[in-house]
Amino acid sequence: MKPIIELRGVNKYYGDYHALRDIEADIGEGEFFSLLGPSGCGKTTLLRTIAGFEDVSSGTVHIGGKLMEGVPANKRPTNMVFQSYAIFPHLSVAQNVGFGLRRRSDLNAPAKQALIEDALDMVGLDGYGGRAAHALSGGQRQRVALARALILKPKVLLLDEPLSALDKKLRDQMQSELRRLQRHVGITFILVTHDQEEALIMSDRIAVMFEGRIAQLATPQQLYRRPQSRQVADFIGVMNFLPARVTGVQGDAVALEVAGLGAVQIAAEQAPGGAATGQASVGFRPETLTILFDGEAPKGRVADGVIDEVTYYGDMTYYAVRLEGVEQPLTISMRNVFGRKVLAQGEATRVAWDPGALVLFG
């Protein structure tokens, strides 16, 4: 994938505060790329650095093969949708969308109007041009902001938590709409978000950031299934952890003793950070464990446990299960099947697990 953005050794200081630390990343043409992390990790600072609203303290930013040093934001081939949308309430929808075309002397009024109508149609607001911007819903204002940014045909669209102000149902809808729109226009989208689910659903690749650094840059599947550190694993979705001890490493095999599970052997690829003899921990996702109901034959290995807590979600039930000899209960997610009972707190149970689902952390 040919990169449209190249970040090399990017550092940003605010006085003594080191906001970005040696950022290295390539972002591809036509890619939906997300910057994910907790508040204060540097993701918005990095987005603003790409946009040109912040200068780098050291390192380089290239967009489309061109060095951006000294290039102001309005001269870069990027456009930005802000968290607040920045809609002008005294203008109509069409006036808001066409705001960036005012200085385009190469376009006459009918040509500008055609571009406005095309942009509104692209975001599902055909026929809304004459409406007052202040009368729009949150989702409609977000679409107006997208249309205003896309009408200028940037090479890169930058999105600073654009869905955070929406309610859950509308946010879920807009996630699908944004992904569809990105595929339709075919340009690079860079999304800043602290919502792990949002990043997993929408992105081709995700850069997970902590304290100004990129901790891991990978596809959603790689981040979820093979996180490179316990910090990343703990941040992305739900991960169970158990104490473990590495008893031997031979070729592509790693021998472990895992609390509550006993002796097990895993493949070296299940230790993305490497493996060395000594104390460690293993992680595994809630859906990789299975509660065995009456009469069910186990697939894989089995451990005995007791139901500690039950959380019912309708289609899913989450069980907190305490294994023998393990203080911290494990979270297990089970899809509810019609006719099958939901277990109660205090019931004894058996848990099936697969060594292939374990991830080793040093």
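Reader: Hi! Quick one to start: is α1 mostly covered or mostly open, and how many of its residues are buried?

Author: Hello! This is a predicted model, and in it α1 is mostly covered, with seven of its nine residues buried.

Reader: Which ones are buried in α1?

Author: The buried set in α1 is Lys43, Thr45, Leu46, Leu47, Thr49, Ile50 and Ala51.

Reader: What about the residue just after α1, what phi does it take?

Author: That residue is Gly52, and its phi is positive, at about 100°.

Reader: And on the other side, where does Gly42 lie?

Author: Gly42 is in the loop between β3 (32-36) and α1 (43-51). Gly42 has a relative accessible area of 11%, so it counts as buried. Setting aside residues up to four places away in sequence, Gly42 touches Ala19, Leu20 and Met209.

Reader: How far is Gly42 from Arg213 in space?

Author: Their C-alpha atoms are 7.7 Å apart, while in sequence Gly42 and Arg213 are separated by 171 residues.

Reader: Nice. Let me zoom out: how many helices and strands does the chain have?

Author: The chain has eight helices and 20 strands. Its C-alpha trace spans about 75 × 50 × 35 Å along the principal axes. There are 362 residues, and 46% of them are buried.

Reader: What share of the contacts comes from residues 24 or more positions apart?

Author: Such pairs account for 67% of the contacts in the chain with a separation of 6 or more.

Reader: On to packing. Which residues touch the most other members in the largest nonpolar core?

Author: Val97, Leu146, Leu157 and Phe189 do, out of 34 residues in that core. At least two residues of this core come from each of α2 (93-97), α3 (109-122), α4, β7 (156-160), α5 (168-185) and β8 (188-193). The most come from α4, which gives six residues.

Reader: What else is there apart from that core?

Author: Apart from it lies another core of 30 residues, including Ala244, Val282, Phe293 and Leu358.

Reader: Back to Leu157, what is it in contact with?

Author: Leaving out neighbours within four places in sequence, Leu157 contacts Asn79, Val81, Leu146, Ala149, Leu150, Ile187, Thr188, Phe189 and Ile190.

Reader: I'd love to hear about pockets. How much space lies in the largest pocket?

Author: About 800 Å³. Its lining has 27 residues, and those nearest the centre are Asn74, Thr78, Asn79, Gly100 and Leu152. The elements giving two or more residues to that lining are β6 (78-81) and α4 (138-150). The largest share is from β6, with four residues.

Reader: How does the lining of the largest pocket break down by class?

Author: There are 16 nonpolar, four polar and seven charged residues in the lining of the largest pocket.

Reader: And how many cavities of 30 Å³ or more turn up?

Author: Two, from a search of the whole structure. The largest cavity holds about 40 Å³ of space. Its lining consists of Met122, Val123, Arg143, Leu146, Met174, Glu177, Arg180 and Leu181. Four residues of that lining come from α5, which gives the most. By class, the lining of the largest cavity has five nonpolar, no polar and three charged residues.

Reader: What lines the second largest cavity?

Author: Leu261, Phe284, Thr288, Leu289, Trp353, Asp354, Ala357 and Leu358 line the second largest cavity, and about 30 Å³ of space lies in it.

Reader: Switching to Asn240: is it buried or exposed?

Author: Asn240 is buried, with a relative accessible area of 5%. Asn240 belongs to strand β11 (residues 240-250).

Reader: Which backbone nitrogen lies 2.7 Å from a polar atom of the Asn240 side chain?

Author: The backbone nitrogen of Thr331. Beyond neighbours within four places in sequence, the residues in contact with Asn240 are Val282, Gly283, Phe284, Arg285, Pro286, Leu289, Leu330 and Thr331.

Reader: Last topic, backbone angles. What is the phi of Asp22?

Author: Asp22 has a phi near 50°, which is a positive value in a residue other than glycine. Asp22 sits in strand β2 (residues 17-28) and is partly exposed, with a relative accessible area of 48%.

Reader: And where does Glu211 lie?

Author: Glu211 is in the loop between β9 (205-210) and β10 (213-218). Glu211 is not a glycine, yet has a positive phi of about 50°. With a relative accessible area of 66%, Glu211 is exposed.

Key:
Residues numbered from 1 in each chain as written. Predicted model: local features only at pLDDT ≥ 70, side-chain atom pairs only at ≥ 80, totals over all residues. Heavy atoms only, no water. Buried < 20%, exposed > 50% of the residue type's maximum accessible area, 1.4 Å probe, protein only. Polar contact = N/O pair within 3.5 Å; in protein donor to acceptor, adjacent residues only side chain to side chain. Contact = heavy atoms within 4.5 Å. 1 Å grid on protein atoms, 1.4 Å probe; cavity = no way out; pocket = protein on both sides within 12 Å on 5 of 7 lines; lining within 4 Å. Points joined across faces, edges and corners; volume = space filled by probe spheres on them. Nonpolar A, V, L, I, M, F, W, Y, C, P; charged D, E, K, R; others polar. Core = buried A, V, L, I, M, F, W, Y, C linked by side-chain atoms within 4.5 Å.
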